[in-house]
Amino acid sequence: MTRAITAWSEIDNGLVPIDDGELFYETAGSGPAVVLLHGGMLDQHMWDEQFSWLVNSGLRAIRYDSRGHGLSSTVAGDYANHDDLCALLDALDVPRAVLVGLSHGARVALDAAIAHPDRVTALALAAPGISGRPFTDPFVLEHIREQVAAIGAPDGPDRYVEHFLRMWVDGPHREPSAVHPGFRERMRASALANVEVHAEGLGGGMPLEVGAADRLDEIRVPTVVFDGDLDSTDISANAHAIALTVPGARRVRIPGAGHMVNLENTALYDHELHAFLSSLAY
């Protein structure tokens, strides 16, 4: 199935088979491939603001719903997100790609760069998670505890999502009232849809990761990391660790943004991402 994105390009979408399921993807454009990896509990539409301009910049933009999210399969057993990503690249006949990830998507991108270095051209990591690096921020830990307590309760889905919003949309430095209500509602609707659609996969399997926290120095591709000044101490520490340990990595601090830096200070994020992509020798 295709639909127009510009006068000269169309979006293709479809399903790619993976172990115990399939991944839903969209792709448009031609040229060097850029894969957009969404955050946990969200889906590929968190990249709506970036998808079109990437295509119009002469790139092939690819975005997809990871396992247990969006229109992809619910989790039904242990799995590896970085292997799912490679299955997608194989199906789309993409030898190598730039990986642009936010939060959990950045975590997957780092794992892929370590486990499958021949498939990764460069990394653009926003508000990054890092496999093997635990949460320590008391604010985050408290809301994780509240999420666990919400599981199975009659109002559990709404409570679970509200604590997600407190952690990863509002952040530790703002009350909900300080966040743009349309943006907060967009994130709430996306997260709630994921919770409701994929509820039966909760506990259905474990993600198998590479433990990137101890292997960052193995990464040998151009890397930029973005983090918002209103995000948690865990995320700022992750960004610092990547900038310090990945050879040649550069850190860009995004002012006036929490965790969702591509959606809160979109102009600056897009400017910096475009400059990074333009600097690459594909």
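Helices, here and below, are DSSP runs of H or I with at least four residues, numbered from the N terminus. In this predicted model, helix 2, which spans residues 81-91, is the element that gives the most to the lining of the second largest cavity, with 3 residues. That cavity has a volume of about 30 Å³, and its lining is made up of Leu85, Cys86, Leu89, Leu99, Ala112, His116, Arg119 and Val120. When these lining residues are divided by class, 6 are nonpolar, 1 is polar and 1 is charged.

In total, the structure holds 2 cavities of 30 Å³ or more, and the largest of them encloses about 60 Å³ of space. The residues that line the largest cavity are Leu37, His38, Tyr64, Ser66, Asn81, His104, Gly105 and Val108. Helix 3, formed by residues 104-115, supplies the largest share of this lining, again with 3 residues. The lining of the largest cavity comprises 3 nonpolar and 5 polar residues, while charged residues are absent from it.

One of the residues lining the largest cavity, Leu37, also belongs to strand 4, which covers residues 33-37 and is mostly covered, since 5 of its 5 residues are buried. From this strand, Ala33, Val35 and Leu37 point one way, whereas Val34 and Leu36 point the other way, and residues on both sides are buried.

Strand 4 pairs with strand 5, residues 60-64, in the parallel sense, and the pairing extends over 5 bridges. Within this pairing, leucine 37 has tyrosine 64 of strand 5 as its bridge partner. Between the two strands the chain passes through helix 1, residues 48-56, and the resulting β-α-β crossover from strand 4 to strand 5 is right-handed. The bridge partners leucine 37 and tyrosine 64 both appear among the residues that line the largest cavity.

A further pairing joins strand 4 to strand 6, residues 97-102, likewise in the parallel sense, and this one runs over 4 bridges. Here the bridge partner of leucine 36 is valine 100 of strand 6. Strand 4 thus pairs in the parallel sense with strand 5 and with strand 6, and the side chains of this strand are directed two ways, with Leu37 pointing one way and Leu36 the other.

Notes. Residues numbered from 1 in each chain as written. Predicted model: local features only at pLDDT ≥ 70, side-chain atom pairs only at ≥ 80, totals over all residues. Heavy atoms only, no water. Buried < 20%, exposed > 50% of the residue type's maximum accessible area, 1.4 Å probe, protein only. Pairing = 2+ DSSP bridges. Right-handed = clockwise from strand over helix to strand, strands pointing away. 1 Å grid on protein atoms, 1.4 Å probe; cavity = no way out; pocket = protein on both sides within 12 Å on 5 of 7 lines; lining within 4 Å. Points joined across faces, edges and corners; volume = space filled by probe spheres on them. Nonpolar A, V, L, I, M, F, W, Y, C, P; charged D, E, K, R; others polar.
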